[in-house]
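Q: I'd like to go through this model with you. Can we start with the overall build and then look at the empty space?

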Amino acid sequence: MNAYDVCNGDADGLFALIQWRLAYPGTAQLVTGLKHDIELLERVHANPGDEVNVFDLAMSRNQTALRRVLDAGARVRYFDHHHAGDIPQHVNLQAFIDTSAEVCTSVLVDRFLRGRHRAWAIAAAYGDNLAATAEQLAAQCGYSPDQRTRLRQLGEAVNYNAYGDHVDDVLIHPADLYRVLITHTDPLQMDADQALIDDMQARLRSDVSQAQAVAATYESARVRVFQLGDGAWTRRVIGPWANSLAQRDPGRAHAVARLRADGLITVSIRAPLVQRSGADRLARRFGGEGRAASAAIERLAPSEWTRFIAAFDAMDWGVHRPS
């Protein structure tokens, strides 16, 4: 029997897997990548009896591969908080899906494990721009303000490190980062590898500083839109800066766009923090994906840009429940 651990390369995906493997040690083939590497199940070629653990990958983008893996006779355990689409009804699938705006995948794993490695879930929630959720869990643990700051900086730094189009864009590949982090049971006791996290934080601060010099290209009472060119720093900063904008102006929605080398546009969308709903619905209208509070459009044609801004400004950010 073979085992596969498949996860998004951001803080939420990596920290979900870290919690799992600290609770259930074992050897597995790691399958991960940069933030935009969503369809990672395509890389898994399972056989009967194999075990596949999936963390923080939209099931809707992995439906075909998931069914192939299940049909091959593998057992799949799937934790995620993104839009799932039709969840296969299969005896070999355990799906833990919750798209509520105040949870991330690491929080779902934390619930399953009943808080056995909660510090990692708190750091992931901070990294996923879920400060209220992180603070609530931190309070339950009795963490001091200094400890909360350290977990927030870790989550934000690792989340930032996943953004980029190429491996050369990031400081360290997520797979290599996982192998460093999994050696630490407690993320508050990472002195031996703190220099790596410090380097990520320094680069994040530098990139955000450049972004803050960019003026909004469209602004209304409801939204703000920013446009960046194509470059290594813009590829890295698009998501973290969108998070920062949302935190500073919680009553408005924000979109940060950057030009791609192929002439298309990538857009990072944040719903207003006071409502945290609708980002995924808007993104899907333009071929994107995401979750209620945060979503992205990877490849938007320039001819669609004006239509996107109009739809963004007219968006109903209220909670929509399936009928």
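Q: What radius of gyration does the chain have, and why does it agree or disagree with a compact globule?
A: This is a predicted model, in which local features need pLDDT of at least 70, side-chain atom pairs count only at pLDDT 80 or more, and totals for chains, interfaces and linings use all residues. Residues are numbered from 1 along each chain as its sequence is written, and side-chain values use heavy atoms, with hydrogens and water left out. The chain has 19 Å, which agrees with a compact globule because 323 residues would give a value near 20 Å. The radius is taken over C-alpha atoms, and the globule rule is 2.2 Å times the number of residues to the power 0.38.

Q: How many helices and strands?
A: There are 11 helices and 11 strands. Both are DSSP runs numbered from the N terminus: H or I over at least four residues for helices, E over at least two for strands.

Q: What order do the strands take in the six-stranded sheet?
A: The order is β6-β7-β8-β9-β11-β10, in an open sheet with mixed pairing. At the edges are β6 (218-219) and β10, each pairing on one side only. Two strands pair if DSSP finds at least two bridges between them.

Q: In which sense do β7 and β8 pair?
A: Parallel, over six bridges, with β7 at residues 223-228 and β8 at 253-259. V223 has A253 of β8 as its bridge partner.

Q: Which strands does α11 touch?
A: Helix α11 (residues 305-313) packs on the sheet and touches β6, β7, β8, β9 and β11, at about 150 degrees to β7. Another helix, α9, lies across β7, β8 and β9 and runs at about 170 degrees to β8. Contact means heavy atoms within 4.5 Å; axes are lines fitted to C-alpha atoms, for helices over the stretch in contact, with angles from 0 to 180 degrees between N-to-C directions.

Q: Now the empty space. What volume does the largest pocket have?
A: About 580 Å³. Of its 36 lining residues, K35, I38, E289, A296 and E298 are the closest to the centre. On a 1 Å grid over the protein atoms alone, a pocket is an open set with protein on both sides within 12 Å along at least five of seven lines, a cavity is a set of points where a 1.4 Å probe fits but cannot get out, and lining residues have an atom within 4 Å of a point. Grid points are joined across faces, edges and corners, and a volume is the space filled by probe spheres set on the points.

Q: Which element gives the largest share of that lining?
A: β11, with six residues.

Q: How many cavities of 30 Å³ or more?
A: Two. The largest holds about 50 Å³, with R270, R276 and R291 among its lining residues.
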